[in-house]
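Reader: I have a new model open and would enjoy walking through it with you. Could you take my questions one at a time?

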Amino acid sequence: MTRRPRPHLPMRPAWLCRNCAAAWPCPPAQLHFATEFYGHSIALAFYLAANMQDAVDDLYSLGLRPDPRALHARFLGWLSLTRRPRRADLR
């Protein structure tokens, strides 16, 4: 009997991965999102931006002062790697 891999989900309000304890979205979660949202990078950007806003709110509620640049890099900075090339880019 094989076990299903545990999903890499955020643990709020710290926004660490429940599975690997890395800052969420961790690399395995990013890979999952890149495959799940393939061809829908704008939808993925909106989803992650909403999560980033939730993270900002949660971190402020913990009395922390989150670094906007670090959060942007963490939640949205890796998105350019997931864009599939347009037909014009393939020529």
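Author: Gladly! Keep in mind that this is a predicted model. A good place to begin is A21, which has a relative accessible area of 54%. Exposed means over 50%, so A21 counts as exposed.

Reader: Where is A21 found, and what is its phi?

Author: A21 is found in the loop between β2 and α1. Its phi is positive although the residue is not glycine, and the value is near 65 degrees.

Reader: Which residue in the loop between β1 and β2 has a positive phi without being glycine, and is that residue buried or exposed?

Author: That is W15, placed in the loop between β1 and β2, with phi near 60 degrees. Its relative accessible area is 1%. Buried means under 20%, so W15 is buried.

Reader: Thanks! Which peptide bonds are cis?

Author: One leads into P13, in the loop between β1 and β2, and its omega is near 10 degrees. Another leads into P25, in the loop between β2 and α1, with omega near 5 degrees. The cis bonds are thus R12 to P13 and W24 to P25.

Reader: Let's turn to the rings. How is the pair of W24 and F75 classed?

Author: The structure holds seven aromatic pairs. In this one the ring centres are 6.1 Å apart and the planes lie at 65 degrees. Planes over 60 degrees apart count as edge-to-face, so the pair of W24 and F75 is edge-to-face.

Reader: How many residues apart are W24 and F75, and are they buried or exposed?

Author: The pair links distant parts of the chain, with W24 in the loop between β2 and α1 and F75 in helix α3. The two are 51 residues apart. As for accessibility, both W24 and F75 are buried.

Reader: What kind of pair do F37 and Y47 form?

Author: Here the centres are 6.0 Å apart, with 25 degrees between the planes. F37 sits in the loop between α1 and α2, and Y47 in helix α2. Planes under 30 degrees apart count as stacked, so F37 and Y47 form a stacked pair.

Reader: Which of these residues is buried and which is partly exposed?

Author: F37 has a relative accessible area of 18%, and buried means under 20%, so F37 is buried. For Y47 the relative accessible area is 36%, so the partly exposed residue is Y47.

Reader: Which residues form one aromatic cluster?

Author: W24 and F75, the edge-to-face pair, belong to this cluster. F37 and Y47, the stacked pair, are members too. The full cluster is W15, W24, F33, F37, Y47 and F75.

Reader: In the largest nonpolar core, which residues touch the most other members, and which helix gives the most?

Author: The core has 18 residues, and W24, F33, L44, L48 and F75 touch the most other members. Helices α1, α2 and α3 each supply at least two residues. With six residues, the one that gives the most is α2.

Reader: Which residues does L48 touch, leaving aside those up to four places away in sequence?

Author: L48 is among the residues that touch the most other core members. Its contacts beyond that sequence range are P25, F33, F75, L76, W78 and L79.

Reader: Finally, which element gives the largest share of the lining of the largest pocket?

Author: The pocket holds about 150 Å³ of space, and its lining has eight nonpolar, two polar and one charged residues. Among the lining residues are W24, F33 and Y47. The largest share, five residues, comes from helix α1.

Key. Residues numbered from 1 in each chain as written. Predicted model: local features only at pLDDT ≥ 70, side-chain atom pairs only at ≥ 80, totals over all residues. Heavy atoms only, no water. 1 Å grid on protein atoms, 1.4 Å probe; cavity = no way out; pocket = protein on both sides within 12 Å on 5 of 7 lines; lining within 4 Å. Points joined across faces, edges and corners; volume = space filled by probe spheres on them. Helix = DSSP H or I, 4+ residues; strand = E, 2+ residues; numbered from the N terminus. Nonpolar A, V, L, I, M, F, W, Y, C, P; charged D, E, K, R; others polar. Phe/Tyr/Trp six-rings, centres within 6.5 Å; stacked < 30°, edge-to-face > 60°. Buried < 20%, exposed > 50% of the residue type's maximum accessible area, 1.4 Å probe, protein only. Core = buried A, V, L, I, M, F, W, Y, C linked by side-chain atoms within 4.5 Å. Contact = heavy atoms within 4.5 Å.
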